[in-house]
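Welcome, and please open the model in your viewer. We will go from one selection to the next and say what is there.

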Amino acid sequence: QLIGERFELSTLESGAVEPQWERFPVMELIQDIIHDHEISAQERGITLRATASTQNLEVRADIAMIHRVLENLINKALRFTRSNGEITIAVSEDQDRVRVEVRDNGEGIASHDIPHIFDRYYQREATSTQPSRGLGLAIVKKIVELHRSQIEVQSQRNEGTQFSFWLPHPA
């Protein structure tokens, strides 16, 4: 898996990959991803849900790349959220953009780690219950940047983490 992630990140960083822009309903993609992770979440006692300001929001993006972003963020949230926890994917919009947010009420990230979590191979502090190599978040960051956006993170230890990014409405 690590070799595959290294290759994927190197390909994204090389500039050889461009998004295949298409119009799609973002909530359908999110519902598919939630469906794919329901059993894993239930086995861990975690509630996985989606909310949207409007159910039929469409975005213009590369559906496979955004699927990869959401997969990585959900997998990370599942690793760091305790039993009886909750992971939410929330979608909202403003005039010309759609905001996608993945938040959990898991163990959170120490403030001194936040500036480094998107770095290749960054290791989280030793007090974390789970080791983290950082490749998944480095891939997320690069894909979001290819979509002319940026990934933002807010986190507090023992309260949870929120990742968010913007995608354009279809033109």
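Which residues have the most contacts inside the largest nonpolar core? Select Leu70, Leu73, Phe163 and Phe165: they hold that place in a core of 43 residues. A nonpolar core here is a set of buried Ala, Val, Leu, Ile, Met, Phe, Trp, Tyr and Cys residues joined through side-chain atoms within 4.5 Å. Buried means under 20% relative accessible area, exposed over 50%, and partly exposed in between (1.4 Å probe, protein chains only).

A word on the model: it is predicted, so local features need pLDDT of at least 70, side-chain atom pairs count only at pLDDT 80 or more, and totals for chains, interfaces and linings use all residues. Residues are numbered from 1 along each chain as its sequence is written, and side-chain values use heavy atoms, with hydrogens and water left out.

Next, colour by helix and strand. You should find four helices and seven strands, which are DSSP runs (helices H or I, at least four residues; strands E, at least two) numbered from the N terminus.

Now zoom in on Phe163. Among the residues that Phe163 touches are Leu73, Val100, Ile117, Leu137 and Val153, leaving aside those up to four places away in sequence. Contact means heavy atoms within 4.5 Å.

Move on to β3. Val59 and Ala61 point to one face and are buried, while Glu58 and Arg60 point to the other and are not. Then add β1 (residues 22-25), which pairs with β3 in the antiparallel sense over four bridges; strands count as paired if DSSP finds at least two bridges between them. Phe24 stands opposite Val59 here.
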